[in-house]
Amino acid sequence: MTSTTADIDRTAWFRDARFGMFIHFGLYSVAGRHEWVQNYESIGESDYRVYFEHFTADRFDASTWARTAKAAGMEYVVLTSKHHEGFCLWDSEYTDYSAPQSPAGRDLVEELVAACRSEGLRIGLYYSLLDWHHPDFPLDGFHPDWKNRSTSEPRDGDGYVSYLHAQVEELIVRFGPDILWFDFSYPGDSVVEQGKGADFWQSERLLARITELAPDMLVNDRLDVPGSEDFITPEEVQPSRDIVNGDLQLWEACRTLNGSWGYAPTYQNWLDAGQVLRLLIDSVSKGGNLLLNVGPTGRGDIEKRAALLLGDVGEWMDVHESSIRGAGVSSIPAPEGCRITERDGRVFVHVFDWPTGHLVLRGLPAPLAFARFVHDGVEVRHEVIGEVSDLAPHVVLAGPAGSTVLKLPIVRPDVLIPVIELDFAR
Ligand code: GLC
């Protein structure tokens, strides 16, 4: 994909931000067994209703969420305004299957948008194209009622699509989000998928309307119109650098903290803070963003383990922000076990695997003038290996003539990921 100057301007804040929080909150948070629980357990409409009746969100405090994201070093938040279950977190004029009409009695989108704005965070709204509550959404293979398809009334897919378009317009007009994050298309023609792609969603028409209403808003890649997207959304995977093509293709990797997007206490595949930072740094070094998910509990709290982890991430970000924010791909090849990011000529070497004594840098654009740790500003001494070197023989062996050797302390600094900033002679 080629970017125009206008695209580059529209997306500048997003390229700069690098780190955002995904929030999956809905009725499934009360079930606490993954946001696909309605499908996984084939729960029919009337049985699922119990979660609506117990959706109180009494501990959901939008400003706590916004402040937590900010303190973790994030610059934007993406909230599920509606997930596949069809429940809407805002006061939609097109349905009463919404948070304001539930025991919660509040418009949670409005609250979070306001809280993010007052913290200076950008806000994105996730919107599910699937809708397992709407009476006109076809009973395809993902639908919780798939097993009962033979007994069901005919459905008016176009009727559903008008609802979808109207709700998207409503979200844009009411909240003016910075991102619309659609999820997802499955255009295959199998009996399970039944062609839920651009034709079915009438994506081209929807995109034209979006451009008319909100030309600066960014839209992701899940509407099944290749080339229309502002960014692509690899899910639970880090793309390789060849695939994402450096700075040319905008992308945002999204990740769960524990294997489920919605709050699910039995999902215990927890990342630790060091892994989260590795994902973030790896993304930035390849020109991408990281959207890290946190699922509020059934009452809307941030669970303790997530809060502690975000605290550790935030502590690192507080000191190392310069190597992440606004940084991107560097032309300097990263040594083994390292990732390099660069911003305005400032170069940052993130050392994932701590070597014993020496780190060899090649392909530097100019001689190194000074190197220092970012966390404490202390010098890292360096030498260039010459043809005829007066360095100790063991250092000469570290790399070919012309390469620069950073002389590292044996003991790894006590930060989650040590970072060394390189300053070149001009
Ligand atoms: C998926 C899942 C969904 C999750 C999303 C996040 O497509 O269906 O539950 O919200 O990805 O990327």
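A polar contact is a pair of N or O atoms within 3.5 Å, and with that cut-off in hand the reader can begin at the ligand of this predicted model. A polar atom in the side chain of tyrosine 126 lies 3.4 Å from an oxygen atom of the ligand, so this pair falls inside the limit of 3.5 Å. Taken alone, the ligand would expose 310 Å², and the protein buries 93% of that area.

Two histidines also reach the ligand through their side chains. In histidine 83, an N or O atom of the side chain is 2.8 Å from an oxygen atom of the ligand, and in histidine 84 a polar side-chain atom lies 2.8 Å from an oxygen atom of the ligand. These histidines belong to a wider set, for 14 residues surround the ligand, and the closest of them are His24, Glu35, Trp36, His83 and His84. What is the character of the residues in the shell around the ligand? The shell divides into seven nonpolar, three polar and four charged residues.

From the ligand the reader may turn to another histidine, histidine 54, whose place is in the loop between helix α5, residues 45–53, and helix α6, residues 62–71. Is histidine 54 buried, exposed or partly exposed? Its relative accessibility is 48%, and because the partly exposed class runs between 20% and 50%, histidine 54 counts as partly exposed. The side chain of histidine 54 reaches back to the backbone oxygen of valine 50, at 2.8 Å. Once its neighbours within four places in sequence are left aside, histidine 54 is in contact with Val30 and Pro103. For valine 30, which stands 24 residues away from histidine 54 along the chain, the separation between the two C-alpha atoms is 7.3 Å.

The view can now widen to the whole protein chain, whose secondary structure comes to 14 helices and 15 strands. Among the contacts between residues at least 6 apart in sequence, 70% join residues at least 24 apart. Of the 426 residues in the protein chain, 56% count as buried, while the surface that the chain exposes comes to about 17,800 Å², with carbon and sulfur atoms supplying 49% of it.

As for overall dimensions, the C-alpha atoms fill a box of roughly 85 × 45 × 40 Å, taken along the principal axes. A compact globule with 426 residues would have a radius of gyration near 22 Å, and the protein chain has 24 Å, which agrees with that expectation.

How values were computed:
Residues are numbered from 1 along each chain as its sequence is written. This is a predicted model: local features need pLDDT of at least 70, side-chain atom pairs count only at pLDDT 80 or more; totals for chains, interfaces and linings use all residues. Side-chain values use heavy atoms; hydrogens and water are left out. A residue is near a molecule or strand if one of its heavy atoms lies within 4 Å of it. A polar contact is a pair of N or O atoms within 3.5 Å; within protein, one must be able to donate a hydrogen and the other to accept it, and residues adjacent in sequence count only if both atoms are side-chain atoms. Accessible areas come from the Shrake-Rupley method with a 1.4 Å probe; for residues, only the protein chains shown count as cover. Ala, Val, Leu, Ile, Met, Phe, Trp, Tyr, Cys and Pro count as nonpolar, Asp, Glu, Lys and Arg as charged, and the others, Gly among them, as polar. Helices (H or I, at least four residues) and strands (E, at least two) are DSSP runs, numbered from the N terminus. Buried means under 20% relative accessible area, exposed over 50%, partly exposed in between (1.4 Å probe, protein chains only). Contact means heavy atoms within 4.5 Å. The radius of gyration is taken over C-alpha atoms; the globule rule is 2.2 Å times the number of residues to the power 0.38.
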